[in-house]
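Here is a short briefing on selected features of one protein model. Keep the structure open while you read.

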Amino acid sequence: MSKYFLAIIGGGPAGYTAAEKASKAGKDVVLFEQNALGGTCLNVGCIPTKSLLYGAKQYYNATHAQKYGVTAENVAFDFAAMQKRKTIVVRKLVAGIKQRLNNAHCTLVNGAAQVLDSIHQVWRITCNGEIYEADNLMICTGSTNFVPPIPGIQDNPSVWDSTDALNATELPKSVIIIGGGVIGMEFATLYHELGIPVTVIEATPTLLPNVDPEIMLMLLEKYRKAGMRILLASRAEEIDGNRVKVQDEWLEADKILVCVGRKANLQGLEALTDLELHRGTVVIDEYCRTNLPNVYACGDVTGKIMLAHVASRQAEVAVDKMLNEPQNEQKMVYHAVPSVVYTNPEIASVGVTDIQAKSLDMEVEVKKLPMTFSGRFMAENEGETGLCKIVIHKDTQVVIGVHMIGNPCSEFVSAASCAVRHELTLSEFRQVVFPHPTVSEILHEVISD
């Protein structure tokens, strides 16, 4: 039986970040992962989707190159080659994580771990027939695709989830996407740019519910004009083979892709009968501690914000807390977490929208400009307008939200995140110097008056 300072269940962004950090601090760490290191994000989420989306964008740009004075004839794409490249990218990144953990002298165990019990505040975990002991336990078990209770959805070869779509060797001839959230709209972008007819069915009155409504409407208008069928305030009532019933109308497509969210994975935690849960997720405090002694939880399983960079940051905060070094102790801060939707154009945001602020009884000012006020944007985004909105607290003049649509806003939303995180006033944010010419200058242009 081996004894460790920290045992981690789950090798996604939270798990491998915590393992490397604690190991580098000189602690003995064991990390359990039943599949591949990197979790959902690296293997069947963020990275593979972005690899395919980039390939689709290259094809889309080539077929629209004439607006930049470039003629490209007989443009074609090879989906099998795109998939092969995606697989290579993922394998290299997984290998890189494994090497980093090996260099940090972390013990890696491939298998499904199960928590047994706690004896004298020492946690026991079993995996592959072996028992491991640890002073601290970290739950990083992630999440799985949520399957809605739609009649006809189970055991239907015409129905895909996001993992099925990413592993497909051939493109569907047409696709119906159930769910107009982030995952659904990124797949809609992928298929649309490769010339696949797309229909999106969203139960709420809006796409991307957490996105600024004005920005969402800009994306909605563009995609509808481009020929994508988007049905809002519509529910998939029934599925029959490759047909979906929506408001007494049967829609048909080659494949039906279900993207209605994810749920926390609590596998292996059955023995933790006293673990506090809320709506199927593990309850944590600002240090990512659960209600059980020396048990932490990070990542999707906490249900806070299901993003890889949130999971990584939670892991850093949790490890600093368990190392018991007050000078390094930090708390989780969620209000300044940036988010990105990798549609075309991209959407990036941080903080609250003006509508959210008003619902919180906050008086705000909103400053906004089209992205075309940036010379670099004009040079590289022919025919696009874009938008940058900055929300300011009226009394304090502190920047509390930034919301953008336009490429490549994902690459500079971190600057906005810093402003929100450190509560910069308009006067202080104006003193930040942005390089010229860059699209990031739009942040300065919006507040320069």
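Pro 408 sits in the loop between strand S24 (399-405) and helix H11 (413-421). A cis peptide bond links Asn 407 to Pro 408, with omega about -5°. The model is predicted, and every value below is computed from it. The bullets take the unusual backbone spots, then the pockets and cavity, then one parallel sheet and a buried glutamine.

**Cis peptide bonds**

- Most peptide bonds are trans.
- The bond between Asn 407 and Pro 408 is cis.
- The bond from Asn 344 to Pro 345 is cis as well, and its omega is near 15°.
- Pro 345 belongs to the loop between strand S20 (339-341) and strand S21 (347-351).

**Positive phi outside glycine**

- Most residues other than glycine have a negative phi.
- Asn 294 has a positive phi, near 60°, and is not a glycine.
- The loop between strand S18 (281-282) and strand S19 (295-297) holds Asn 294.
- Asn 294 has a relative accessibility of 32%, so it counts as partly exposed.
- Gln 397 is not a glycine either, yet its phi is positive at about 65°.
- Gln 397 is placed in the loop between strand S23 (387-393) and S24.
- Gln 397 is partly exposed, because its relative accessible area is 25% and the partly exposed class runs between the 20% and 50% limits.

**The second largest pocket**

- Which residues lie nearest the centre of the second largest pocket? They are Lys 57, Asn 61, Asn 344, Glu 346 and Asn 407.
- Two of these names come from the cis bonds: Asn 344 precedes Pro 345, and Asn 407 precedes Pro 408.
- The pocket has a volume of about 810 Å³.
- Its lining counts 35 residues.
- Helix H3 (46-63) gives the largest share of that lining, eight residues.
- Helix H10 (375-380) supplies at least two lining residues.
- By class, the lining has eleven nonpolar, twelve polar and twelve charged residues.

**The cavity**

- Rolling a probe the size of a water molecule over the atoms shows where empty space is left.
- How many cavities of 30 Å³ or more does the structure hold? It holds one.
- The largest cavity encloses about 40 Å³ of space.
- Asn 145, Phe 146, Ser 162, Ile 183, Val 258, Cys 259, Val 260 and Gly 261 line the largest cavity.
- Five of these lining residues are nonpolar and three are polar, with no charged residue among them.
- Val 258 of the lining falls within strand S15 (residues 255-258).
- Ile 183 of the lining falls within helix H6 (residues 182-193).

**The parallel sheet**

- Five strands make an open sheet, ordered S8-S15-S9-S10-S11, with parallel pairing.
- Strand S8 (159-160) and strand S11 (229-231) are the edge strands; each has a single partner, so one side of each has no neighbour in the sheet.
- Strand S9 (residues 175-178) and strand S10 (residues 198-201) run parallel and are joined by four bridges.
- Opposite Ile 178 in S10 is Ile 201.
- Ile 176 has Thr 199 as its bridge partner in S10.
- From S9 the chain passes through helix H6 (residues 182-193) to S10, and this β-α-β crossover is right-handed.
- S9 also pairs with strand S15 (residues 255-258), again in the parallel sense and over four bridges.
- Leu 257 is the bridge partner of Ile 177 in S15.
- Are the side chains of S9 buried or exposed? Val 175 and Ile 177 point one way, Ile 176 and Ile 178 the other way, and all are buried.

**A buried glutamine**

- Gln 83 is part of helix H4 (residues 79-103).
- Gln 83 counts as buried because its relative accessibility is 8%, and buried means under 20%.
- A polar atom of the Gln 83 side chain lies 2.5 Å from the backbone oxygen of Ala 168.

Note on methods. Residues are numbered from 1 along each chain as its sequence is written. This is a predicted model: local features need pLDDT of at least 70, side-chain atom pairs count only at pLDDT 80 or more; totals for chains, interfaces and linings use all residues. Side-chain values use heavy atoms; hydrogens and water are left out. Two strands pair if DSSP finds at least two bridges between them. Buried means under 20% relative accessible area, exposed over 50%, partly exposed in between (1.4 Å probe, protein chains only). A crossover is right-handed if, with the strands pointing away from the viewer, the path from the first strand over the helix to the second runs clockwise. On a 1 Å grid over the protein atoms alone, a cavity is a set of points where a 1.4 Å probe fits but cannot get out, and a pocket is an open set with protein on both sides within 12 Å along at least five of seven lines; lining residues have an atom within 4 Å of a point. Grid points are joined across faces, edges and corners, and a volume is the space filled by probe spheres set on the points. Ala, Val, Leu, Ile, Met, Phe, Trp, Tyr, Cys and Pro count as nonpolar, Asp, Glu, Lys and Arg as charged, and the others, Gly among them, as polar. A polar contact is a pair of N or O atoms within 3.5 Å; within protein, one must be able to donate a hydrogen and the other to accept it, and residues adjacent in sequence count only if both atoms are side-chain atoms.
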